[in-house]
Amino acid sequence: MKIIRYSVAAFEPQEQTHHAKHIQYHLSGEFNIEDYPEFMRWQIQRIHEQKAAFYKEHLEDFKRGIWCFVDGHKSNQSLNHLKKKVPCWEAEVPDDIECYDCNWEKLITISDPDVLWGGCYIPEREMWKIRNVRRRRKTA
């Protein structure tokens, strides 16, 4: 399967400091159920517990990796954070490479349909499977 990535760092794994803040919210004790309306608390607490358990189990994976898209399924909304034009890179990966959906809620393979609408995050431990990296002429 062909993937694309918009980045000045090509397919080098990156520290996920921005996204780590969301994880820390659920793991560090910052989460406070009292911050939510009473009628929503039961459901929000359940979601929080599920996220915290998932994040604990996969915490190493969320430290370093890359964000990318299956070729032909780029989400312009996912690229809104880019402040300047960056190069587009392409590479090939096996259909069974493990990745996370764009919301960091599921560990899936890149062939899962959830990857098509929002891209995915490939953790550093899976990056050895990325092959045939080359730059495209497009920029974002």
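Before looking at strand partners I fixed the term: two strands pair if DSSP finds at least two bridges between them. The model I am reading is predicted.

**Strand pairing**

I started with β5 and β7, which pair in the antiparallel sense over two bridges, and I noted that the bridge partner of D101 in β7 is C120. I then followed β5 to its other neighbour in my list, β6, where three bridges join the two strands, again running antiparallel, with E98 standing opposite T109 in β6. The hairpin of β5 and β6 has five residues between the strands, and in it I found W104 with a positive phi near 55°.

Next I looked up strand β1 (residues 2–6), which is joined to β4 by five bridges in an antiparallel arrangement; here I4 stands opposite E90 in β4. I also checked how covered β4 (residues 87–92) is: five of its six residues are buried, so the strand is largely enclosed by the rest of the structure.

**Helix α2**

I compared the length of helix α2 (residues 41–58) with expectation: its 18 residues should span 26 Å at 1.5 Å a residue, and the C-alpha atoms at its ends are 25 Å apart, which agrees. For burial along α2, I listed I44, H48, K51, A52, F54, Y55 and H58 as buried. They cover an arc of only 170° around the axis, which puts them on the same side of α2. This fits the general rule that an α-helix has 3.6 residues a turn, so residues three or four places apart point the same way. On the other side of α2, I noted W42, K56 and E57 as exposed. When I asked what covers the buried residues of α2, the elements I found included α1 (17–27), β5 (98–101) and β6 (107–109).

**D61, in the loop after α2**

I moved on to D61, which lies in the loop between α2 and β3. Buried or exposed, by its relative accessible area? At 11%, D61 is buried. Leaving out residues up to four places away in sequence, I found D61 touching Y100, Y121, P123 and R125.

**Aromatic residues**

I counted 13 aromatic pairs. One of them is W67 with Y121: the ring centres are 5.1 Å apart and the planes stand at 50°, and because stacked needs under 30 degrees and edge-to-face over 60, the pair is tilted. This pair links distant parts of the chain, as W67 belongs to strand β3 (residues 64–70) and Y121 to strand β7 (residues 120–123), 54 residues apart. I also compared their accessibility: W67 is partly exposed, with a relative accessible area of 23%, whereas Y121 counts as buried at 0%. Both rings belong to one aromatic cluster, formed by F54, Y55, F62, W67, Y100, W104 and Y121.

**Nonpolar cores**

Finally I looked up the largest nonpolar core, which has 18 residues, with I3, I110 and I122 having the most contacts inside it. The elements that give two or more residues to this core are β3, β4 and β7, and β3 gives the most, with three residues. I listed the contacts of I3, not counting residues up to four places away in sequence, and among them are F11, F69, W89, V93, I110 and I122. A second, separate core of seven residues includes F54, Y55, W104 and Y121, four residues that I had already entered under the aromatic cluster.

Conventions. Residues are numbered from 1 along each chain as its sequence is written. This is a predicted model: local features need pLDDT of at least 70, side-chain atom pairs count only at pLDDT 80 or more; totals for chains, interfaces and linings use all residues. Side-chain values use heavy atoms; hydrogens and water are left out. Rings of Phe, Tyr and Trp (its six-membered ring) pair if their centres lie within 6.5 Å; planes under 30 degrees apart count as stacked, over 60 as edge-to-face and the rest as tilted. Helices (H or I, at least four residues) and strands (E, at least two) are DSSP runs, numbered from the N terminus. Buried means under 20% relative accessible area, exposed over 50%, partly exposed in between (1.4 Å probe, protein chains only). The expected span of a helix is 1.5 Å times one less than its number of residues. The arc is that of the directions from the helix axis to the C-beta atoms. Contact means heavy atoms within 4.5 Å. A nonpolar core is a set of buried Ala, Val, Leu, Ile, Met, Phe, Trp, Tyr and Cys residues joined through side-chain atoms within 4.5 Å.
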